[in-house]
Amino acid sequence: QVQLVVSGGGSVQPGGSLRLSCAASRINFSIYTMGWYRQAPGKQRELVAAITSGSNTNYTDSVKGRFTISRDNAKNTVYLQMNRLGPEDTAVYYCNANFVGVLGHMWNYWGQGTQVTVSS
């Protein structure tokens, strides 16, 4: 059974930093696009950052320059380094693994959420 285990959430003051980790098991991690999503209360889940199998990255505009997504294929782990956090970053953060095969079949997995709270 595929598992994505998320760690690293917590509470931090505005301007602080956190690093989220997502360790995957029982998937061919290196071929998956890995993503971090978040969902704030009363809002839809949104993509925060993603990194492809070739390590191309993309970010939602609100986190560009503050968040960095990276991956370590040897450890089957994806990270989200979050700097200069603000109250608007408060949300439950989720890890996602996605792969689309040549015939269009998609494999998609979610980790458990981790709460990130930014407040003074």
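Ser-70 stands opposite Tyr-79 in strand S8. That pairing is a good way into this predicted model. Strand S8 covers residues 77-82 and is joined to strand S7 by 6 bridges. The two strands run antiparallel.

S7 and S8 belong to an open sheet of 4 strands. The order is S1-S3-S8-S7, and the pairing is antiparallel. Which strands stand at the edges? They are S1, residues 3-7, and S7, residues 67-72. Each has a single partner strand, so one side of each is left without a neighbour in the sheet. Neighbouring strands of this sheet are turned by 15 degrees against each other on average, with direction ignored.

Stay on strand S7 and look at Arg-71, which lies in it. Arg-71 is buried yet has no salt bridge. The nearest side chain of opposite charge belongs to Asp-72, and it is 8.4 Å away. What does the side chain of Arg-71 reach? One target is the backbone oxygen of Phe-29, at 2.8 Å. The backbone oxygen of Ile-51 is also reached, at 3.4 Å. The residues that Arg-71 touches, leaving aside those up to four places away in sequence, include Phe-29, Ser-30, Tyr-32, Thr-33 and Met-34. Also among them are Ile-51, Thr-52, Ser-53 and Ser-55. Thr-77 and Val-78 are in contact with Arg-71 as well.

Now turn to charges that do pair. The count of salt bridges comes to 4. Begin with Asp-89, in the loop between S8 and strand S9, residues 91-100. Is Asp-89 buried or exposed? It is buried, with a relative accessible area of 0%.

Asp-89 and Arg-38 meet through their side chains in a salt bridge, at 2.9 Å from N to O. Arg-38 lies in strand S4, residues 33-39, and Asp-89 in the loop between S8 and S9, so the pair ties together parts that are 51 residues apart in sequence. The C-alpha atoms of Asp-89 and Arg-38 are separated by 8.6 Å. Both residues are buried. For Arg-38 the relative accessible area is 5%.

Asp-89 has a second arginine partner. Arg-66 forms a salt bridge with Asp-89, and the closest N and O atoms are 2.7 Å apart. Arg-66 lies in the loop between strand S6, residues 57-59, and S7, whereas Asp-89 lies in the loop between S8 and S9, so this pair ties together parts that are 23 residues apart in sequence. Arg-66 is buried, and so is Asp-89. Salt bridges that share partners join Arg-38, Glu-46, Arg-66 and Asp-89 into one network.

Glu-46 enters that network through Arg-38. The two form a salt bridge, with the closest N and O atoms 2.7 Å apart. Glu-46 is partly exposed, with a relative accessible area of 30%.

Which other residues does Asp-89 touch? Beyond Arg-38 and Arg-66, and not counting residues up to four places away in sequence, its contacts include Phe-67 and Arg-84. Val-116 and Val-118 are also touched by Asp-89.

Those two valines lead to strand S11, residues 114-118. Its covered face holds Thr-114, Val-116 and Val-118. Gln-115 and Thr-117 make up the uncovered face. How does S11 pair? With strand S2, residues 10-12, it shares 3 bridges, and the two run parallel. Within that pairing, Gly-10 has Val-116 as its bridge partner. With S9, strand S11 again shares 3 bridges, but here the strands run antiparallel. Val-92 stands opposite Gln-115 in S11.

Thr-114 closes the tour; this residue is found in strand S11. At 11% relative accessibility, Thr-114 counts as buried. A polar atom of the Thr-114 side chain lies 3.4 Å from the backbone nitrogen of Gly-9. Thr-114 also touches Val-6 and Leu-20, among others, not counting residues up to four places away in sequence. Ala-91, Val-92 and Tyr-93 are among its contacts too.

Terms used. Residues numbered from 1 in each chain as written. Predicted model: local features only at pLDDT ≥ 70, side-chain atom pairs only at ≥ 80, totals over all residues. Heavy atoms only, no water. Pairing = 2+ DSSP bridges. Axes fitted to C-alpha atoms, helices over the stretch in contact; angles between N-to-C directions. Buried < 20%, exposed > 50% of the residue type's maximum accessible area, 1.4 Å probe, protein only. Lys, Arg positive; Asp, Glu negative; His and termini not counted. Polar contact = N/O pair within 3.5 Å; in protein donor to acceptor, adjacent residues only side chain to side chain. Contact = heavy atoms within 4.5 Å.
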